[in-house]
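Please look through the sequence and the model below before reading on. The report then takes up the surface, the core and one polar residue.

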Amino acid sequence: MKTSTINKLSAVLCLFGCFAVIAADIIGIILHEEHNPFKNTISMLAIGKYGWIQDLGLDFLAMGYVALAIGLFTWKKNNARWLIGLAILVLIGADLVMIAEHNQYAGRPGEKIHRKLVYILAGLFFILHILVYPYLKSLKPYLKKFTIWVGVLWLLLAPLLPLMPDDINGAYERFICSLLVIWPAVVSYFLWKSANLENASSE
């Protein structure tokens, strides 16, 4: 299979995962009659008979992160720093799957497992941006500054989540978690465009 084809497929899978997790959140809010998206966190959607919807959305997002790692690996094999960054993309995917598996414990006795996984996710996402931002400019110059800004926003805003009042806790979490979706979606879009340009130039 051609490298450009792998890149395009990886980008499409990543974009699908990003859209799927958003759709799962919206559908979950609609189906859970007692869920208030401003007060209740995303994880609370995973409790009850419709909980599988939210978990499935997270699984698709995890698939998207792993697919993006594969696509970026075939696009560029630069140095140890870059490869560690791609490995972290895979670890984020694995962590998301484990969060999905433990979402049922949100607000319950097993919550400690869930919280630890969320903290690990927060740390991995920040480290990812530190590692990969210099190299993404060759995919699209804009991506270097974009990655820096997302990393800075994550560093400043994510630690404030536990301090949020209960009446806006859910809304703030959704705002913060949008960065987990926006960043891979934007990068995968430009990976897809790059693959298209490569195909066009080879014809």
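Which residues make a nonpolar surface patch of about 440 Å²? In this predicted model, the patch is made by Ile-22, Ile-26, Ile-27, Ile-30 and Leu-31; a patch joins nonpolar side chains within 5 Å, from residues with over 30% relative accessible area and no salt bridge.

Local features need pLDDT of at least 70 and side-chain atom pairs count only at pLDDT 80 or more, while totals for chains, interfaces and linings use all residues. Residues are numbered from 1 along each chain as its sequence is written, and side-chain values use heavy atoms, with hydrogens and water left out.

Two residues of helix H1 (residues 3-31), a helix being a DSSP run (H or I) of at least four residues, are set side by side here, where buried means under 20% relative accessible area and exposed over 50% (1.4 Å probe, protein chains only).

| Residue | State | Relative accessible area |
|---|---|---|
| Ile-30 | exposed | 63% |
| Asn-7 | buried | 1% |

The side chain of Asn-7 makes a polar contact (a pair of N or O atoms within 3.5 Å, one able to donate a hydrogen and the other to accept it) with the side chain of Thr-74, at 2.5 Å.

The largest nonpolar core, a set of buried nonpolar residues joined through side-chain atoms within 4.5 Å, has 46 residues, and Trp-183 is among those with the most contacts inside it. The largest share of this core, eleven residues, comes from H6. Beyond four places in sequence, Trp-183 touches residues including Leu-68, Leu-89 and Phe-125, contact meaning heavy atoms within 4.5 Å.

Definitions and conventions
Patches are made of residues with over 30% relative accessible area and no salt bridge: like charges are joined within 9 Å, nonpolar side chains (Val, Leu, Ile, Met, Phe, Trp, Tyr) within 5 Å. Accessible areas come from the Shrake-Rupley method with a 1.4 Å probe; for residues, only the protein chains shown count as cover. A salt bridge is a side-chain nitrogen of Lys or Arg within 4 Å of a carboxyl oxygen of Asp or Glu.
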